[in-house]
Amino acid sequence: MDYLRRPLERLTGCDTRRKTARARLKAAKNADREQYLALVDDYIDLAQTYLHGSATESSEQRIATMTRLFTGIWQNLPYAERLSDVEYMLSQALIASAPAASSAPSPDARLGKLRQLPPQARFALLAYHSLNWSIHWLTLALRIKAPALHQLLCQARCEICAVSWDSLAVEEQDCLVAISATLEQSPNLQTNQALHQKSQAYPRIMRIKAQWLELRPELVELRLRNSLSPSARQHLLANLRRSTRAHAMQQPALVDRIINSVQFSRHDAIQVG
């Protein structure tokens with residue numbers, strides 16, 4: 001039933017939250033540090049979950065990494081014209097900071113599999129399943145088309161569930177990509193019936209789908225189990241308050257702002273490591 005609620009939630013409460021986030025971005029671009037900290041607070045869980053899902057670090061190390069990350073975004077904030085520009089900087093900085101794959105042992109089997117995913121697939125999977133980002137937000141943050149994103153998510157889900165994507169026939173892969181798309185959309189009886197009939201020709205497709213449906217609550221639990229404590233979160237925000245005072249915003253040239261209003265491409269690389 002959770003998948004039935006998600007499209008409605010994204011059309012109501014999530015739109016309200018993004019409207020608030022856009023207002024905070026507008027104020028933060030005028031050097032309002034408190035509004036920037038309020039904006040950042042919405043992305044701390046994603047950054048913490050991604051960093052934890054990428055490498056073994058202490059809480060202090062992750063706080064230091066996130067301080068550098070969000071300080072870098074603060075410095076580049078005037079380049080951002082849209083909320084998705086901020087999310088693009090966030091995603092690219094996190095992806096660039098992570099190892100391509102980690103074989104570090106983990107007592108959690110899911111976490112071990114997660115760390116073996118390519119960084120972009122790891123980000124997409126965690127943002128979508130753990131943080132409830134929509135496909136639309138992710139396509140903007142990662143700058144990829146929806147069909148490519150669904151295939152990326154399908155491959156990541158299969159790897160996490162110990163199913164080799166390459167072992168699937170092309171028809172099975174196409175069926176799973178179609179199933180992935182229906183998980184994001186409002187229920188459509190006709191579409192679902194047609195997809196169900198198509199899936200009957202491939203017995204393991206339904207088993208894989210069942211594993212997918214079990215995956216999301218496990219990833220949400222992983223996020224909740226490894227989230228920052230209230231005191232650690234306040235420590236991070238205090239670090240950022242000091243860091244944003246010490247680091248001035250960059251002021252983009254007019255030509256950069258014009259180009260970014262069409263396609264966000266002019267900003268400095270954010271160094272996290």
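Reader: Why is Arg 68 called partly exposed?

Author: In this predicted model, Arg 68 has a relative accessibility of 36%. Buried means under 20% and exposed means over 50%, with partly exposed in between. The value of 36% falls between these two cut-offs, and therefore Arg 68 counts as partly exposed.

Reader: Where in the chain does Arg 68 lie?

Author: Arg 68 belongs to helix α5, which covers residues 59–76. The protein chain has 15 helices and 0 strands.

Reader: What makes the protein chain as compact as a globular protein of its length?

Author: Its radius of gyration is 20 Å, and the globule rule gives 19 Å for 273 residues. The two values are close, so the chain is as compact as a globular protein of that length. Along the principal axes, the C-alpha atoms fill a box of roughly 60 × 40 × 30 Å.

Reader: How do you know that residues far apart in sequence are in contact?

Author: Contact means heavy atoms within 4.5 Å. Among contacts between residues at least 6 apart in sequence, 72% join residues at least 24 apart. A separate distance concerns Arg 68 and Ser 243: they are 175 residues apart in sequence, while their C-alpha atoms are 8.6 Å apart in space.

Reader: What share of the residues counts as buried?

Author: Of the 273 residues, 48% count as buried. The accessible surface of the chain comes to about 13200 Å², and carbon and sulfur atoms account for 54% of that surface.

Reader: How many side chains are positive and how many are negative?

Author: There are 34 positive and 25 negative side chains, and the centres of the two sets lie 3 Å apart.

Note on methods:
Residues are numbered from 1 along each chain as its sequence is written. This is a predicted model: local features need pLDDT of at least 70, side-chain atom pairs count only at pLDDT 80 or more; totals for chains, interfaces and linings use all residues. Side-chain values use heavy atoms; hydrogens and water are left out. Helices (H or I, at least four residues) and strands (E, at least two) are DSSP runs, numbered from the N terminus. The radius of gyration is taken over C-alpha atoms; the globule rule is 2.2 Å times the number of residues to the power 0.38. Buried means under 20% relative accessible area, exposed over 50%, partly exposed in between (1.4 Å probe, protein chains only). Accessible areas come from the Shrake-Rupley method with a 1.4 Å probe; for residues, only the protein chains shown count as cover. Lys and Arg count as positive and Asp and Glu as negative; His and the chain ends are not counted. The place of a charge is taken as NZ of Lys, CZ of Arg, CG of Asp or CD of Glu.
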